[in-house]
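Here is my note for you, as someone coming to this one fresh. Have a look at the sequence and the model, then read the points with the view open beside you.

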Amino acid sequence: GFSWTSYARIDQIYDWLIMLSSQYPRIVTVIEGGRTSEGRRILGVKLSFQPGNERRGVWLDSLIHAREWIAGATTTFILNELLTSTDPGVREVADNHDWYIFPVINPDGYEYTHTTNRLWRKTRKQYGVVCYGADPNRNWGFRWNTGGSSSQPCSDTYAGPNSFSEIETDTLSRYLRSIGQNIVAYISFHSYSQMILLPYGHTARHLDNYNQVRGIGLRGAQSLAKRYGTQYVVGNVAETIYVATGSSMDWVKDTLKVPVALTYELRDKGNNGFLLPADQIIPSGLETLDSLVTILLQTDRLL
Ligand code: 0X9
Ligand code: ZN
């Protein structure tokens, strides 16, 4: 069975998603959101607790960066809570939205971190003789390769030869376009640093509805800290960590005009880094869900 006491492999995660769709046939639908260069599917689920009644959509994704294992485990934890929790806040946000949840959007890279190189970050498409992979969070077509990315194929932040050169980002962006008009919150989970990051990555300027979304993010960070005292910093990508272009969040914010687009950098702050012990999956999941509930209640109020 599936548990949150260890990190699951890609096949276990996909089997679990398929199992959920048979256990909750009226609520859970398995979706193929895209494909990979090694021929895998990018599987996710759509949850609708009011089938037939369209609700505003919330998108969650993780493991665009292969080594950030806590991000995928947190996403599956939250998915499970949305289906099973009896907490009134969780139930309110669960029941009142349609959910698009993709725990592993770089499955080739994720499998490679289990078989060969625990610290692999990128996709697995071959570039030239010796290099593999582009950074799928530098490959999207908004301000592509204009800062904080590399043109060297062996670099960990290789932007790719052109935007959407990766099958993963190309196919997933098409799927996102197809449902985009319904999405009110796009949330991408990464690790590590304990931050809630806001668009954009190319400039430290506070664009679009920055002030509103920052207020929502701060409320989220407050809720998160209440459970165990874990501190998160909230702010624009370029001013809070570094300039970075071609991210999924920035493309979604600009192209789909999603009101709330956020990138979480989950636990920890470098003590374990990407190698976060599995006994932190459940605490990280609980505190992150606390913040997500607050963020979505605030988002609903904003619209
Ligand atoms: O560099 C990244 O892609 C993210 N940090 S990580 O350590 N997980 O690799 C931050 C992404 C920030 N998002 C934008 N550039 N919009
Ligand atoms: Zn990342």
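The points below go through the predicted model, starting at the ligand and ending with some backbone details.

1. **Around ligand 1.** Please bear in mind throughout that this is a predicted model. A good place to begin is ligand 1, which has 14 residues around it. The closest are Asn 137, His 190, Gly 201, Ala 244 and Ser 247. By type, the shell splits into five nonpolar, six polar and three charged residues. Two elements that each supply at least two residues of this shell are α8, at 248–256, and β10, at 260–266. Both come up again below.

2. **Glu 265.** Which residue does the UniProt "active site" annotation cover? That would be Glu 265, and the entry it comes from is unreviewed. Glu 265 sits in strand β10. Is Glu 265 buried or exposed? It has 20 other C-beta atoms within 10 Å, so Glu 265 is buried; 20 or more is what the label takes. Leaving out neighbours within four places in sequence, Glu 265 is in contact with His 190, Ser 191, Tyr 192, Ser 193, Gln 194, Met 195 and Leu 197. You've already met His 190 in that list, among the closest residues to ligand 1.

3. **Helix α8.** Next, the helix. Its buried residues are Ser 248, Met 249, Asp 250, Trp 251, Val 252 and Lys 253. What do the buried residues of α8 pack against? The answer is α5 (167–179), β7 (183–191) and β10. Just after α8, Lys 257 has a positive phi of about 55°.

4. **Met 249, up close.** Met 249 lies in helix α8 and makes a handy example. Met 249 counts as buried because 27 C-beta neighbours fall inside 10 Å. Setting aside neighbours within four places in sequence, Met 249 is in contact with Tyr 186, Ser 188, Pro 199, Ala 261 and Thr 263. If you'd like a distance to check, the C-alpha atoms of Met 249 and Ile 183 are separated by 13 Å, and the two residues are 66 apart along the chain.

5. **The nonpolar core.** Nonpolar side chains tend to be buried together in soluble globular proteins. Here the largest nonpolar core has 80 residues. Those with the most contacts inside it are Trp 59, Ile 101, Ala 185, Tyr 186, Ile 187, Ile 196 and Leu 262. Helix α2 (residues 69–84) gives this core its largest share, eight residues. Try clicking on Ala 185: not counting residues up to four places away in sequence, it touches Val 58, Trp 59, Val 258, Val 260, Leu 296 and Thr 299.

6. **Strands β1, β2 and β4.** Strands β1 (residues 28–35) and β2 (residues 41–48) run antiparallel and are joined by seven bridges. One pair to look for is Thr 29 with Lys 46, its bridge partner in β2. The two strands make a hairpin with five residues between them, and Gly 39 in the turn has a positive phi of about 90°. β2 also pairs with strand β4 (residues 97–102), again in the antiparallel sense, over four bridges. There, Ser 48 stands opposite Asp 98 in β4.

7. **Two cis peptide bonds.** These deserve a look. Pro 199 and Tyr 200 are joined by a cis peptide bond, with omega about 0°. Tyr 200 belongs to the loop between β8 (195–198) and α6 (210–228). Another cis bond runs from Arg 267 to Asp 268, with omega near -5°. Asp 268 is in the loop between β10 and α9 (281–302).

8. **Positive phi without glycine.** Leu 63 isn't a glycine, yet it has a positive phi of about 55°. You'll find Leu 63 in the loop between β3 (56–62) and α2, and it is buried, because 29 other C-beta atoms lie within 10 Å. Ser 193 isn't a glycine either and has a positive phi of about 150°. Its place is in the loop between β7 and β8. Ser 193 counts as partly exposed because it has 18 C-beta neighbours inside 10 Å. Ser 193 is also one of the contacts of Glu 265 from point 2.

Technical notes
Residues are numbered from 1 along each chain as its sequence is written. Chains are lettered from A and ligands numbered from 1 in the order in which they are written. This is a predicted model: local features need pLDDT of at least 70, side-chain atom pairs count only at pLDDT 80 or more; totals for chains, interfaces and linings use all residues. A residue is near a molecule or strand if its C-beta atom, placed from the backbone, lies within 6 Å of it. Ala, Val, Leu, Ile, Met, Phe, Trp, Tyr, Cys and Pro count as nonpolar, Asp, Glu, Lys and Arg as charged, and the others, Gly among them, as polar. A nonpolar core is a set of buried Ala, Val, Leu, Ile, Met, Phe, Trp, Tyr and Cys residues joined through C-beta atoms within 7 Å. A residue is buried if 20 or more other C-beta atoms lie within 10 Å of its own, exposed if 12 or fewer, and partly exposed in between; C-beta atoms are placed from the backbone. Two residues are in contact if their C-beta atoms, placed from the backbone, lie within 7 Å. UniProt positions are given in the numbering used here, feature names are shortened, and annotations may be inferred rather than shown by experiment. Two strands pair if DSSP finds at least two bridges between them.
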